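Colleague: I'm new to this one and would like a close look at a single part, with enough of the surroundings to find my way. Could you start with the sheet towards the end of the chain and then walk me outwards from there?

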Amino acid sequence: MERFTDQPLGPRPHIAVFGSDKVGNFVLTTPLLRGLKEKYPAATLDFFGGATTHDLEAACPYIDARFSLYGEREDYLGALNGFVAERRAQAGEYDLAINCDEFSELNLVVVAAVAPRYLVGASLKPDFRRKLPPGDGIRDRILGDDDWNSPAILARYGELLESNYLAEIFCRLAYVETDFFRIEVAFAPPPFAVPDVLLHMTATRSAKQWLPEYWRAVADWCAARGLSAGVIGSKPQIERERYHAGGWEERLIAESGLRDLRGETALTELAGAFKQARAAVVVDAGPMHIAAAVGCPTICIFGNDADGDGASPINLWAPRGAHVQVMRTPAKCRVCVEQRFKNEACLVAGHPCMRELRPERVIAALERTLGAEPPD
């Protein structure tokens, strides 16, 4: 296994891309997947992802075969070994593996186990004792840099990077040239009539969540203007267990007349719902990326200020595009930055980054998007 420095891969290369089980990660990988097929039109591309993003992966036109590294299954090792053996029999040994989540220990192990000829990203050595050392090129230095979110990364690597958008970084590390900012996902018709406005309120880190009373203000504004609105997300129990919904999401839905659409769709159907909606108001989480990917006018709520400091690694993750409005807070706080975003909850009393992002600003953005007329 050698570091990939754009060596020739042959006429029909067999490529493996390793992702994670998070929606945003997969969506931001799509420029890389497309770019690989543009660069190597006869390539066979296998994707190692997760059960959560299964339907997006299965519907992606650039993926020839996929396997869920993440998710429960019987005889996990047997299934993984069988998949790799079948893919090798059909397309040959892996010429290139690209690891898009070096923080995953599972990825490190499985990348080494499939034994690609060339590697982009992190892996264990073939003896599985320690990580493969980096090279000394600019891409290796980027890979070893622990602060991709900082604007300073562009000063350090401006000869290669135009931005520190994660989709671009994935492509640059793999010597792929494409439209880094054109993300895309497959979509299917949702099983319900789509409201005018879709809201997504929860996240794996509660530090990224907006205040319930501010969501209530948005719901009331929609109702006063005769706009239908619905809440999307996972099933209520999962929302409570994984995404810090507590009971406030249920109370808000019950008291405001919002339609409860949580758990009603597969991810491709959620993409279809966003494609039909007139607008989406979302926090920094997976549905934000899906909404932006299908071109829905998307209002993204970030607890980050004009300098990028705040609750999220905004420079890596914020969607790009004329149809996207990124709402930033006037509050200055670097606690999450100093914690490297590993804190689940806000560590400052009163959650000022989100409290100072007032609902009036989000409603004004929504009004601009919809061109809504005030009530009589």
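Modeller: Happy to. Let's begin with an open sheet of 6 strands, which run in the order β9-β8-β7-β10-β11-β12 with parallel pairing. At its edges sit β9 (259-260) and β12 (324-327), and each of these pairs on one side only. For β12, the partner is β11 (residues 298-301), and the two pair in the parallel sense over 4 bridges. If you want one spot to click on, take I301, which stands opposite M327 in β12.

Keep in mind as we go that this is a predicted model.

Now for a helix, α10, which covers residues 248-256 and holds E249. Is E249 buried or exposed? Its relative accessibility is 0%, and because buried means under 20%, E249 counts as buried. What does E249 touch, once you set aside its neighbours within four places in sequence? The residues in contact with E249 are M201, T202, V231, E239 and R262. For a sense of scale, compare V185: this residue and E249 are 64 residues apart in sequence, and their C-alpha atoms are 27 Å apart in space.

The next helix, α11, spans residues 267-276, and T268 has its place there. T268 counts as buried too, with a relative accessibility of 12%. Leaving out neighbours within four places in sequence, T268 is in contact with D55, L56 and A59, and also with A186, F187 and A188.

That takes us to the other sheet. It is open as well, with 6 strands in the order β1-β6-β5-β2-β3-β4, and its pairing is parallel. Here the edge strands are β1 (2-3) and β4 (65-70), each of which pairs on one side only. The partner of β4 is β3 (residues 44-50), and this parallel pair is joined over 5 bridges. You can trace the pairing residue by residue: D46 has A65 in β4 as its bridge partner, while G49 has S68 in β4. Being an edge strand doesn't leave β4 out in the open, though: 6 of its 6 residues are buried, so the strand is largely enclosed by the rest of the structure.

A few places outside the sheets are worth a stop. Helix α5 covers residues 138-144, and G144 belongs to it. G144 has 65% relative accessibility and therefore counts as exposed. In space, G144 and P134 are 7.7 Å apart, C-alpha to C-alpha, with a sequence separation of 10 residues.

Leading into α5 from β6 (118-120) is a loop, and F128 lies in it. What stands out about the backbone of F128 is its phi, near 65 degrees: that is a positive value in a residue other than glycine. As for its surroundings, F128 counts as partly exposed, at 41% relative accessibility.

H351 also has a positive phi without being a glycine, with a value near 50 degrees. You'll find H351 in the loop between α14 (335-338) and α15 (352-355). Its relative accessibility is 15%, so H351 counts as buried.

Let's zoom out to finish. How many helices and strands does the protein have? There are 16 helices and 12 strands. The C-alpha trace spans about 70 × 45 × 35 Å along its principal axes. With 376 residues, a compact globule would be expected to have a radius of gyration near 21 Å, and the protein agrees with that, because its own value is 21 Å.

Of those 376 residues, 57% count as buried. On the outside, the protein exposes about 16,000 Å², and carbon and sulfur atoms supply 51% of that area. Many contacts reach far along the chain: taking those between residues at least 6 apart in sequence, 67% join residues at least 24 apart. As for charge, there are 42 positive and 51 negative charges, and their mean positions lie 2 Å apart.

Note on methods
Residues are numbered from 1 along each chain as its sequence is written. This is a predicted model: local features need pLDDT of at least 70, side-chain atom pairs count only at pLDDT 80 or more; totals for chains, interfaces and linings use all residues. Side-chain values use heavy atoms; hydrogens and water are left out. The radius of gyration is taken over C-alpha atoms; the globule rule is 2.2 Å times the number of residues to the power 0.38. Buried means under 20% relative accessible area, exposed over 50%, partly exposed in between (1.4 Å probe, protein chains only). Contact means heavy atoms within 4.5 Å. Accessible areas come from the Shrake-Rupley method with a 1.4 Å probe; for residues, only the protein chains shown count as cover. Lys and Arg count as positive and Asp and Glu as negative; His and the chain ends are not counted. The place of a charge is taken as NZ of Lys, CZ of Arg, CG of Asp or CD of Glu. Two strands pair if DSSP finds at least two bridges between them.
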